[in-house]
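Visitor: Could you walk me through this structure, one question at a time?
Guide: Gladly, have a look and ask away.

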Amino acid sequence: MIAKVIVTPKPVVNDPQGNTVKQGLASLGFREVSDVRVGKYIEVSLDAPSEHEARQRVEAMCQQLLANHVIEDFHFEIEHEGRHQR
Amino acid sequence: MKFGVLVFPGTWSDRDCGWVVDQVLGEQLTYLWHKDADLKGCDCVILPGGFAYGDYLRTGAIARFAPVMEKVGEFADRGGLVWGICNGFQILCEAGLLPGALIRNASLEFRCQWTNLMVDRNDLPYTSQCAEREVIRVPISHGEGSYFADPATLSRLEQNGQVVFRYCDADGRVTPGANPNGSLHNIAGIVNKRGNVLGMMPHPERCSEPELGGTDGLKLFRSVVESATRALVS
């Protein structure tokens, strides 16, 4: 299975990267952009007997290492290998 | 007294800290490798600046799992002096030995410059040689030194007097203009509640000899030596 983990700065955390990208988009004429947040995308391949178990394991990985709960939020999806082709 | 300077792959200020300990202060020095299983009888452990494990994922995120860090945690729990400088501060936050986190500078720039620091606490083992509310001049060198904590943690830090250093101007005014990185409350350094674990972004080891343009950093090293000596006598 593959866990696709997305880590983003918490809304209360100042995100200077996001602000700078937002300014860049505005200067390119994308005036409709009201906010940009820059985060991380992490793919974790893992063996698990069930999707339920995989979810529990990936949740623990995020809590313990992949995200810092002081400054970041996370969410993820589990995909079964072979279901999607690259 | 004996200082231990911790070295991770990617640490780069270890020799600077070691130099101050054995060449400037004439104290005992040992380097502690990240795989070491004990702290070799050190009285104070320094986590120096650099990019431990390349700062992969987040600053300090991987370093906290180094075998030696378990011993550092136990040492801190026993009241041992643990001093994180720059990347060391980031590692102590990731390890949960200090609250909060260090995030990207508000300017997005790597800042390498002199800063003025207001010493909020001079009753700690690290600051006893500083005068009350003294302004010291210490350089910073970091891209991710903006201190962040949630409002509840921040007010707890303030209530407990855990803020040790704040960025200020030369006259000791803590202003937004004197803040080089966007740190909340201009925080440059904090201690744990017990006062034995210090984390700070500025580099005292880089201003401990006149040749480097200042010696204010030496006051912190001397404070540690003095407090250890006092502990031995009492």
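Visitor: Over how many bridges do strand E6 and E7 of chain B pair?
Guide: In this predicted model, strand E6 of chain B covers residues 111-119. Strands here are DSSP runs of at least two residues and helices (H or I) of at least four, numbered from the N terminus, and two strands pair if DSSP finds at least two bridges between them. Asn116(B), for example, stands opposite Arg137(B) in E7(B). E6(B) and E7(B) pair in the antiparallel sense, and the number of bridges is eight.

Visitor: Which residue of E9(B) stands opposite Leu117(B)?
Guide: E6(B) also pairs with E9(B), in the antiparallel sense and over four bridges. Opposite Leu117(B), in E9(B), stands Tyr167(B).

Visitor: And which residue in E10(B) stands opposite Phe165(B)?
Guide: Strand E9 (residues 163-168) and strand E10 (residues 187-191) of chain B run antiparallel and are joined by three bridges. Phe165(B) has as its opposite in E10(B) the residue Gly189(B).

Visitor: Which strands stand at the edges of the sheet in chain B?
Guide: The sheet is open and mixed in its pairing, with nine strands in the order E2-E1-E3-E4-E11-E10-E9-E6-E7. Two strands have a single partner each, so one side of each is left without a neighbour in the sheet. They are strand E2 (28-33) and strand E7 (135-142) of chain B.

Visitor: What angle does the direction of helix H1 of chain B make with that of E2(B)?
Guide: Helix H1 (residues 14-24) packs on the sheet of chain B, in contact (heavy atoms within 4.5 Å) with strand E1 (2-7), E2, strand E3 (44-47) and strand E4 (81-85). Axes are lines fitted to C-alpha atoms, for helices over the stretch in contact, and angles run from 0 to 180 degrees between N-to-C directions. For H1 and E2 of chain B, the angle is about 160°.

Visitor: Turning to chain A, what is the order of the strands in its sheet?
Guide: This open sheet has three strands with antiparallel pairing. E2 and strand E3 (72-79) of chain A each have a single partner strand, so one side of each is left without a neighbour. The order is E2-E1-E3.

Visitor: Which residue in E2(A) is the bridge partner of Val7(A)?
Guide: Strand E1 (residues 2-9) of chain A and E2(A) run antiparallel and are joined by six bridges. For Val7(A), the partner is Lys40(A).

Visitor: How much area is buried between chain A and chain B?
Guide: The contact takes 16 residues from chain A and 15 residues from chain B. Buried area is the accessible area (1.4 Å probe) that two parts lose on being put together, summed over both. Carbon and sulfur atoms give 68% of a total of about 1200 Å².

Visitor: Which residue of chain A forms a salt bridge with Arg58(B)?
Guide: A salt bridge is a side-chain nitrogen of Lys or Arg within 4 Å of a carboxyl oxygen of Asp or Glu, and the count between the two chains is one. Here the closest N and O atoms are 3.6 Å apart, and the partner is Glu72(A).

Visitor: What should I know about the numbering and the values?
Guide: Residues are numbered from 1 along each chain as its sequence is written, while chains are lettered from A and ligands numbered from 1 in the order in which they are written. Local features need pLDDT of at least 70, side-chain atom pairs count only at pLDDT 80 or more, and totals for chains, interfaces and linings use all residues, while side-chain values use heavy atoms, leaving out hydrogens and water.
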